[in-house]
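The following report describes a single protein chain, moving from its general layout to particular residues and contacts. Please look over the sequence and the model before reading on.

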Amino acid sequence: MKILILNGPNLNLLGRREPSMYGNRSFDEYFQVLKKRYAKHDLEYFQSNSEGEIISKIHQVGFDYDGIVLNAGAYTHTSIAIADAIRAVRTPVVELHISNVYAREEYRHRSMIAPACRGCICGFGLKGYDLAIESFWGDPSASKKPLGEKWQKAFGIAEELRAGGDNLAVIAEKLNRMEVKTPRGKAWTVQTVGRMLQKKKN
Ligand code: DQA
């Protein structure tokens, strides 16, 4: 799965910023832990202090990635524009806060982005990022991306062959003979053909 962790304003100062509230660890350090822990997945990290850059990043990945973990920092409580960006894309977004915002000042109790998000995790410290990543496992909305352009040709052929009674091995062999490659430019196997047909069913 391809997952973006998107941190908003002031989160570049994690580890130094109000450590009693946010802990002593920098996010760059914690991201290395996450990358090891979820090595089978493709994790990306982006941080920005600017609302526009956060919105552009959501636009950039929001039609291809399987999930976005978003800690929008204080923009959570103010930004209709970020909420609109979340609604505009297909990728599910999980709202995350390190601290328990509901146990803090009243102005942090309102989230402008929550209604646009898949769910919200808050108050578990950095461990919340693990919980948010894992929330995408088996989430049907995370796999509801339509097949990309590169899949379309292979899928059309595979579906026709399947309807004609060919098994996965034969389909893989025929696709390879036609020199139709996987989206990663590789030869087809029983597994990749099976996954492609399964993906489309979902
Ligand atoms: C925060 C909570 C926000 O209210 C605050 O403005 C932040 C961090 C959190 O992770 O707990 O910057 O999102």
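## Overall layout

What percentage of the 202 residues in the protein do buried residues make up? In this model, which is predicted rather than determined by experiment, buried residues account for 43% of the 202 residues. The C-alpha atoms, taken along the principal axes, fill a box of roughly 65 × 30 × 25 Å.

The secondary structure consists of eight helices and five strands, and read from the N terminus the elements follow the order β-α-α-β-α-β-α-β-β-α-α-α-α. If one takes the contacts between residues at least 6 apart in sequence, 72% of them join residues that are at least 24 apart.

## The second largest pocket

The second largest pocket holds about 170 Å³ of space and has a lining of 16 residues, among which Arg17, Tyr22, Gly73, Ala74 and Arg108 lie nearest its centre. Sorted by class, this lining comprises six nonpolar, seven polar and three charged residues.

Arg17, one of the residues nearest the centre of that pocket, is placed in the loop that runs between β1 (2-7) and α1 (19-22). When residues up to four places away in sequence are set aside, Arg17 touches Pro9, Asn10, Leu11 and Tyr22, and Tyr22 is itself among the lining residues nearest the pocket centre.

## A buried arginine without a salt bridge

Side chains of opposite charge can pair when their charged atoms come close. Why, then, does Arg17 have no salt bridge, with Glu18 as the nearest side chain of opposite charge? Arg17 is buried, and the side chain of Glu18 is 4.1 Å away; because a salt bridge requires a side-chain nitrogen of Lys or Arg within 4 Å of a carboxyl oxygen of Asp or Glu, this pair is not counted as one.

Glu18 is likewise situated in the loop between β1 and α1, and its phi is positive, at about 30°, although Glu18 is not a glycine. With a relative accessible area of 43%, Glu18 is partly exposed, whereas Arg17 is buried.

## Salt bridges

By the rule applied here, the count of salt bridges comes to eight. One of them joins the side chains of Arg25 and Glu29, with a distance of 3.1 Å from N to O; Arg25 is partly exposed at a relative accessible area of 34%, and Glu29 is also partly exposed, at 42%. Another pairs Asp166 with Lys174, where the closest N and O atoms are 2.7 Å apart. In that pair Asp166 is buried, since its relative accessible area is 16%, while Lys174, with a value of 26%, is partly exposed.

Arg104 and Glu105 also form a salt bridge, their closest N and O atoms being 3.8 Å apart. Here Arg104 counts as buried because its relative accessibility is 14%, and Glu105 is partly exposed with a relative accessible area of 33%. These two residues belong, together with Arg108, to a network of salt bridges, and Arg108 is in turn one of the residues nearest the centre of the second largest pocket.

## A helix contact distant in sequence

Ile55 is located in helix α3, which spans residues 51-61, and it counts as buried because its relative accessibility is 16%. Which residues does Ile55 contact, leaving aside its neighbours within four places in sequence? The contacts are with Ala81, Ile82 and Ala85. Ala85 lies 30 residues from Ile55 along the chain, yet the C-alpha atoms of Ile55 and Ala85 are separated by 6.0 Å.

## A second positive phi value

A positive phi in a residue other than glycine is also found at Glu179, where the value is near 60°. Glu179 lies in the loop between α7 (168-177) and α8 (190-201). Is Glu179 buried or exposed? Its relative accessible area is 64%, so Glu179 is classed as exposed, whereas Glu18, with a positive phi of about 30°, is partly exposed at 43%.

Note on methods
Residues numbered from 1 in each chain as written. Predicted model: local features only at pLDDT ≥ 70, side-chain atom pairs only at ≥ 80, totals over all residues. Heavy atoms only, no water. 1 Å grid on protein atoms, 1.4 Å probe; cavity = no way out; pocket = protein on both sides within 12 Å on 5 of 7 lines; lining within 4 Å. Points joined across faces, edges and corners; volume = space filled by probe spheres on them. Nonpolar A, V, L, I, M, F, W, Y, C, P; charged D, E, K, R; others polar. Helix = DSSP H or I, 4+ residues; strand = E, 2+ residues; numbered from the N terminus. Buried < 20%, exposed > 50% of the residue type's maximum accessible area, 1.4 Å probe, protein only. Lys, Arg positive; Asp, Glu negative; His and termini not counted. Contact = heavy atoms within 4.5 Å.
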